[in-house]
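Q: Please take a close look at a single helix of this protein. I would like to know how that helix sits against the rest of the chain.

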Amino acid sequence: MLEKRREAPIIDNWLEGYNLSTEAEEKRGYLEQGLAEERSPENLLRQKLWEKRYLDKGGRVTGADQFMAQWMELSFQKDQLNSFFGRGRAERKVRKIYENLMFSEGSTEELRHVLYLEYVNLVSLYIMLCQKDKNYKSLLLGIGTMKEENLMAKIARDVYGIACAVPKMCGLEEEFELLSRAAKDSFLRAFPRESYVWTGTAEDTDRELGL
């Protein structure tokens with residue numbers, strides 16, 4: 001079942017705060033603490049990720065989450081990949097998303113872990129938004145609200161489809177492995193007693209798509 005919303009966690013250190021926060025300015029505050037302590041390769045990558053995620057081309061914070069935009073673009077390309085005429089263009093789009101999400105920055109295990117945690121933050125934010133969005137939870141024509149177990153199944157289908165099925169459809173499973181793993185782990189954090197939902201969704205989706 002869906003977990004009831006917990007009280008805000010107690011933050012013990014800047015790194016925990018950075019990884020948990022979904023607000024641009026709050027994350028920057030935590031990051032500045034970390035950079036003041038040490039300008040390590042891991043912290044410098046966090047800085048690059050923050051800038052890529054929250055700044056526009058002019059270096060301004062606009063309130064837009066560019067990584068969330070890339071996530072939603074992956075969702076859109078899932079349908080395009082099933083189109084005979086649109087598949088080639090969709091595959092090119094997915095490869096561009098790979099670049100925009102900065103996977104290539106993971107040149108060491110430590111840096112890959114930094115990327116993984118950023119993707120966990122991203123997918124966890126998406127799941128939270130789905131749980132709160134009345135339109136997402138509504139039934140046909142906006143009449144009524146779906147049951148909690150149906151909402152959870154819908155979230156599982158969307159998250160698996162975006163982070164796991166799309167890379168499989170493009171033959172990019174290895175390249176997107178960090179995002180796929182982050183997606184699964186984020187779902188299981190949100191619904192820790194419902195691992196069977198994720199497993200069943202993965203099997204059903206792969207079968208439907210012939211993967």
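A: What follows starts with the whole chain, turns to helix 3, and ends with the cores. The model is predicted.

The protein chain has ten helices and zero strands. Its radius of gyration is 18 Å, close to the 17 Å that the globule rule gives for 211 residues, so the chain is as compact as a globular protein of that length. Along the principal axes, the C-alpha trace spans about 50 × 40 × 30 Å. Of the 211 residues, 42% are buried. Among contacts with a separation of 6 or more, 63% join residues 24 or more positions apart.

Helix 3 covers residues 41-54, which is 14 residues. From its first C-alpha to its last it reaches 20 Å, close to the 20 Å expected at 1.5 Å a residue.

The buried residues of this helix are Asn 43, Leu 45, Arg 46, Leu 49, Trp 50, Arg 53 and Tyr 54. Buried here means under 20% relative accessible area. These residues lie on the same side of helix 3, because they cover an arc of only 155° around the axis. Their cover includes helix 1 (14-20), helix 2 (24-37), helix 4 (66-80) and helix 6 (109-132).

The next matter is the nonpolar cores. The largest one has 52 residues, and those with the most contacts inside it are Trp 71, Ile 155, Val 159, Leu 179 and Phe 187. Helix 3 supplies at least two residues of this core, and so does each of helix 4, helix 5 (87-100), helix 6, helix 8 (148-170), helix 9 (177-190) and helix 10 (195-209). A second, separate core has nine residues, including Trp 14, Ala 24, Trp 50 and Tyr 54. Trp 50 and Tyr 54 are also among the buried residues of helix 3.

One residue of the largest core can be followed further. Leaving aside neighbours within four places in sequence, Ile 155 is in contact with Ile 127, Cys 130, Gln 131, Tyr 136, Phe 187 and Phe 191. Of these partners, Phe 187 is also listed with the most contacts inside the core. Gln 131 lies in helix 6, one of the helices that cover the buried residues of helix 3. Gln 131 counts as partly exposed because its relative accessibility is 22%, and the limit for buried is under 20%. The C-alpha atoms of Gln 131 and Leu 151 are separated by 7.8 Å, with the two residues 20 apart along the chain.

Methods:
Residues numbered from 1 in each chain as written. Predicted model: local features only at pLDDT ≥ 70, side-chain atom pairs only at ≥ 80, totals over all residues. Heavy atoms only, no water. Helix = DSSP H or I, 4+ residues; strand = E, 2+ residues; numbered from the N terminus. Expected span 1.5 Å × (residues − 1). Buried < 20%, exposed > 50% of the residue type's maximum accessible area, 1.4 Å probe, protein only. Arc of directions from axis to C-beta. Contact = heavy atoms within 4.5 Å. Core = buried A, V, L, I, M, F, W, Y, C linked by side-chain atoms within 4.5 Å. Rg over C-alpha atoms; globule rule 2.2 N^0.38 Å.
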